[in-house]
2 protein chains.
Amino acid sequence: MKIVQKSSLLRNDLSAFRRKGGLVGFVPTMGALHEGHLSLVRRAKVENDRVVVSIFVNPLQFGPKEDLKKYPRDLKKDAKLLSGLCDFLFIPQKDRMYPADFCSNVEVKALSDIHCGLSRKGHFAGVATIVAKLFNIVSPDNAYFGQKDAQQAVIIKKMVDDLNFPIKVHVLPTVRESDGLAMSSRNIYLSDKERREAVVLYQALKSAERMVAGKERDTEKIRMVLVDFIKRVPSARIDYVDVVDAKSLLPVKTINGTALLLLAVYIGKTRLIDNTILKIRQSA
Amino acid sequence: MKIVQKSSLLRNDLSAFRRKGGLVGFVPTMGALHEGHLSLVRRAKVENDRVVVSIFVNPLQFGPKEDLKKYPRDLKKDAKLLSGLCDFLFIPQKDRMYPADFCSNVEVKALSDIHCGLSRKGHFAGVATIVAKLFNIVSPDNAYFGQKDAQQAVIIKKMVDDLNFPIKVHVLPTVRESDGLAMSSRNIYLSDKERREAVVLYQALKSAERMVAGKERDTEKIRMVLVDFIKRVPSARIDYVDVVDAKSLLPVKTINGTALLLLAVYIGKTRLIDNTILKIRQSA
């Protein structure tokens, strides 16, 4: 694995290789890697000839009151985890990514000011902008994202379609701890008690799945049950519980076929998200 | 010259070729081609192995009261002019470029809401968005723009820098009619009388250059002289006359080294723009 800081050097290495017809896979991350990230890298390695992983804690996607400063960083550990799994670890420098006169912005408008975008203003424009930049630096054939950040995945896919990036976006399943909690770099913020209570998000998702299996199709009823369920946990404070169309992210009243259940819940001061696809079985 | 409507077909043709190490040049246009466009295509041909010209009247960059509908279109004539000069004429279809659920936006914020952006709200976001799309479809090594659209050229350069497009942007000199009027697809809107009077833009630029050669460095004085000069023309109505820094596009009070003089003037109902670099000579 080669560690590269300069985009020009990464481009050089990749373009020589790409001319031979090799496929390039790309996994953009903010570091603090866990099994969720590694599952993306492993898949990328299977489907491509060269794999680039980037680690960049992108200031543009953090709000002024968010956790940019305390966001976990451990490059040494991350590099060790990636060693042997990918070919290039790209660690761009903040000043080069965002020079003082930086003023461009990429936004997927209809999808960005709802759900997580409501409580995290400007977050998804920050995500779209850094991903567009990284896509232009790496020019991958395939890019890999986790389903855990469901709204992000939908937005990136839409950006790629709308702006004609010649890139295939793959969204891989959420990786979970043994009790069901979705893996997240932010889980380390949780106290022991909060960590135990955080499983409520997963339990809420499972409960919704059971309701749908039991032929419930009224999303408002599902929502109310989940809200009640989550509220019983002392450390939990709901940001939102929404059942939406998986592509437009617009709320749906009745589940026909499939819908996406999105959750954002504060556990103590830590905001966690999770989601699941609610599916009406053919036989139902 | 191959005429292509589908971006996937263009990409296929180009990628096979690019793998052999060939350089691709790109000239995006809205058609209604004139010598200004053709000078870009000729330069592209000299500097690249394959040249793509696109013709697409981009609805996103027209305001609701602007001339989208009547903007001149003559594909047959354009194709004839390009034949032999370029390798691919790319004519994307509006519905494929902007499907009903299109919602992405690229914006170069600090540079877009001033000068032409003031009277043409959203214009430069429309330009940046379509150029980003076309860049992703064509993936050129070199792209060519005219200095006549000075603010556009600065914005595209900034977008390419900020978003790390691996593309070199070339800005070529304005091509003029024999009396000095900058060539523009919109010149055909002018009546005979207006056409004669439209030369006032060029004369104003020349007058400013003479003032600077005569050691005038106070941009407000230059501005006032030009405003007076243009106002004497019956069909002329000034949109703006600004002397700005050539990179930041911010107004400058005193000319040190070089500055960019930007003009936008309505001649009758037709809005024309022109510009020149004001340069203090070393000896001055």
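How many bridges join strand β2 (residues 24-29) of chain A to β3(A), and in which sense do the two strands run? I began my notebook with this pair, keeping in mind throughout that I was reading a predicted model.

**Entry: β2 and β3, chain A**

I counted 6 bridges between β2(A) and β3(A), and the two strands run parallel. Looking for a specific partner, I found that A:G25 is matched with A:V51 in β3(A). I then checked how far β3(A), residues 50-55, is covered, and 6 of its 6 residues turned out to be buried. I noted the two sides separately: A:R50, A:V52 and A:S54 lie on one, A:V51, A:V53 and A:I55 lie on the other, and all of them are buried, so that description covers both faces of β3(A).

**Entry: β2 and β3, chain B**

I repeated the lookup in chain B, where β2(B) is joined to strand β3 (residues 50-55) by 6 bridges, again with a parallel run. B:G25 stands opposite B:V51 in β3(B). This time I asked about the cover of β2(B) itself, residues 24-29, and recorded 6 of its 6 residues as buried. One face carries B:V24, B:F26 and B:P28, the other carries B:G25, B:V27 and B:T29, and both faces are covered.

**Entry: how the two chains relate**

I laid chain A on chain B and noted an RMSD of 0.0 Å, reached by a turn of 180 degrees with a shift of 0.0 Å along the axis. The two copies are therefore related as by a two-fold rotation axis. I also checked whether the contact surface is shared, and 100% of the contact residues of chain A recur in chain B, which is to say that the same surface serves both copies.

**Entry: the contact between the chains**

I found 26 residues of chain A in contact with 26 residues of chain B. On the chain A side, the elements that contribute two or more residues are α1 (7-18), β5 (104-108), α5 (109-112), α7 (123-138) and α8 (150-162). The largest share of that side, 5 residues, comes from β5(A). Sorting the side by class, I wrote down 12 nonpolar, 7 polar and 7 charged residues.

Since β5(A) gives the largest share, I looked at its pairing across the chains. I recorded that β5(A) and strand β5 (residues 104-108) of chain B pair in the antiparallel sense, over 5 bridges. Within that pairing, A:V108 has B:S104 as its bridge partner in β5(B).

**Entry: helix α10, chain B**

I measured nothing here beyond the model's own geometry: helix α10 of chain B, residues 200-213, has 14 residues and reaches 20 Å from its first C-alpha to its last, close to the 20 Å expected at 1.5 Å a residue. Its buried residues are B:V200, B:L201, B:A204, B:L205, B:A208 and B:V212. Seen down the axis of α10(B), these buried residues fall within an arc of 145 degrees, so they line one face of the helix. I added a reminder that an α-helix has 3.6 residues a turn, so residues three or four places apart point the same way.

On the other side of α10(B), I found B:K206 and B:R210 exposed. The buried residues of α10(B) pack against α9 (192-197), α11 (219-231), β8 (236-244), β9 (258-267) and β10 (270-279) of chain B.

**Entry: B:K215, after the helix**

Just after α10(B), I came to B:K215, whose phi is positive at about 75 degrees. I located B:K215 in the loop between α10 and α11 of chain B. Is B:K215 buried or exposed? B:K215 has 9 other C-beta atoms within 10 Å, and because the cut-off for exposed is 12 or fewer, it counts as exposed.

**Entry: helix α7 and B:N164, chain B**

Helix α7 of chain B, residues 123-138, has 16 residues that should span 22 Å at 1.5 Å a residue, and I found its end C-alpha atoms 22 Å apart, which agrees. I noted 16 of its 16 residues as buried, so α7(B) is largely enclosed by the rest of the structure. B:S139 follows α7(B) and has a positive phi, near 45 degrees.

My last lookup was B:N164, a residue other than glycine with a positive phi near 60 degrees. B:N164 sits in the loop between α8 (150-162) and β7 (168-172) of chain B. With 22 C-beta neighbours inside 10 Å, B:N164 counts as buried.

Technical notes: Residues are numbered from 1 along each chain as its sequence is written. Chains are lettered from A and ligands numbered from 1 in the order in which they are written. This is a predicted model: local features need pLDDT of at least 70, side-chain atom pairs count only at pLDDT 80 or more; totals for chains, interfaces and linings use all residues. Two residues are in contact if their C-beta atoms, placed from the backbone, lie within 7 Å. Helices (H or I, at least four residues) and strands (E, at least two) are DSSP runs, numbered from the N terminus. Ala, Val, Leu, Ile, Met, Phe, Trp, Tyr, Cys and Pro count as nonpolar, Asp, Glu, Lys and Arg as charged, and the others, Gly among them, as polar. Two strands pair if DSSP finds at least two bridges between them. The expected span of a helix is 1.5 Å times one less than its number of residues. A residue is buried if 20 or more other C-beta atoms lie within 10 Å of its own, exposed if 12 or fewer, and partly exposed in between; C-beta atoms are placed from the backbone. The arc is that of the directions from the helix axis to the C-beta atoms. Copies are superposed by least squares on the C-alpha atoms of residues with pLDDT of at least 70 in both.
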